[in-house]
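Subject: Structure handover

Hello,

Here is the structure I promised to pass on to you. Have a look at it first, and then read on for my notes on the sheets and a helix pair.

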Amino acid sequence: YRYRLEKKLKILFTYTKCIYLKYVVISNNKKNIFIDLGSNLGQGFNFFSQHFKPSSFDYLLVEANPNLNSHLNKIIDRIGREKIHLINKAAFNHNGKAKLYGLVEDHRGKTSDGASIIRESASREYKVNERDAKEIECFRFVDKLKELKNYDNIIIKMDIEGSEYAVLNDIIDNKDEIKNITHIFVEFHAKFVADKFKVDFLKKENEVISRLKNNKISYTSYV
């Protein structure tokens with residue numbers, strides 16, 4: 001019950017923050033982009049695009065799971081390829097290869113919203129299958145942000161199944177080179193790890209939240 005109540009309150013706060021950003025902070029006359037890290041089947045895009053409309057925002061979808069390409073490309077074709085683009089790699093703090101877990105481990109299957117390159121990320125929900133893990137590419141998200149200096153406002157939704165700690169710390173470490181992040185909506189995943197990993201994940205979570213606050217990076221913990 002407590003978790004359901006907390007989730008409802010976070011959804012309400014996220015909705016309120018969207019309204020505030022839309023009507024108080026961001027001008028539609030500016031050059032704006034919304035980056036959806038962990039797009040899955042487009043659930044986040046469907047919610048946030050109601051507030052940050054493609055008529056005023058460019059969109060970048062980032063999704064590590066190659067099984068979702070065809071579905072996301074249907075969204076792109078519907079909105080228009082001049083307004084929305086897809087990176088089919090895992091956002092991380094370096095470029096390289098990684099194993100993607102969670103595509104065969106439970107009932108959610110190949111389009112799972114719990115797939116992750118972090119082995120422990122959903123350890124409360126499933127035991128990783130090393131043999132059937134899919135090798136994918138990951139990329140340093142900060143490098144992509146540095147390419148987007150021509151935008152006045154960048155809004156990021158980050159639901160990347162445990163990789164948020166590495167990515168957020170990398171953003172903070174490079175904040176002097178990235179001046180146009182207006183807000184970050186982030187889901188933290190310590191609540192999904194098995195008890196034996198929880199202390200370590202909660203420590204990372206508390207540390208990165210403290211760093212976000214100390215560096216005055218606007219964020220909302222959502223869902």
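A crossing of two helices is called left-handed if the near helix is turned anticlockwise from the far one by less than a right angle. By that rule, helices H5 and H6 cross in the left-handed sense. Please keep in mind throughout that this is a predicted model.

Let me stay with that helix pair for a moment. H5 covers residues 164–173 and H6 covers residues 195–214; they pack at an angle of about 25°, and their axes lie 10 Å apart. Because angles under 35 degrees count as roughly parallel, H5 is roughly parallel to H6. On the H5 side, the contact is made by Tyr 165, Leu 168, Asn 169, Ile 172 and Asp 173. Their counterparts in H6 are Phe 201, Lys 204, Glu 205, Val 208, Arg 211 and Leu 212. Sorted by character, the residues of this contact are 6 nonpolar, 1 polar and 4 charged.

Now to the sheets. One is an open sheet of 6 strands with parallel pairing, and its order is E3-E2-E1-E7-E8-E9. E3 and E9 (219–221) are at the edges with a single partner strand each, so one side of each has no neighbour in the sheet. From one strand to the next, the twist averages 15°.

At the E3 end of this order, E2 (residues 57–62) and E3 (residues 84–87) run parallel and are joined by 4 bridges. To get from E2 to E3, the chain passes through helix H3 (residues 69–79), giving a β-α-β crossover that is right-handed. If you want to find the register by eye, Leu 61 is opposite Leu 86 in E3, and Val 62 is opposite Ile 87 in E3. As a reminder when you look at side chains there, in a regular strand they alternate between the two faces of the sheet.

There is also an open sheet of 3 strands, ordered E4-E6-E5, and here the pairing is mixed. Its edge strands are E4 (90–92) and E5 (96–100), each of which pairs on one side only. Ignoring direction, neighbouring strands in this sheet are turned by 45° against each other on average. E4 pairs with E6 (residues 134–140) in the parallel sense over 3 bridges, and Ala 91 is opposite Phe 139 in E6.

Happy browsing, and do write back with any thoughts.

Best wishes

Methods: Residues numbered from 1 in each chain as written. Predicted model: local features only at pLDDT ≥ 70, side-chain atom pairs only at ≥ 80, totals over all residues. Heavy atoms only, no water. Pairing = 2+ DSSP bridges. Helix = DSSP H or I, 4+ residues; strand = E, 2+ residues; numbered from the N terminus. Right-handed = clockwise from strand over helix to strand, strands pointing away. Axes fitted to C-alpha atoms, helices over the stretch in contact; angles between N-to-C directions. Parallel < 35°, antiparallel > 145°, perpendicular 65-115°, else oblique. Contact = heavy atoms within 4.5 Å. Nonpolar A, V, L, I, M, F, W, Y, C, P; charged D, E, K, R; others polar.
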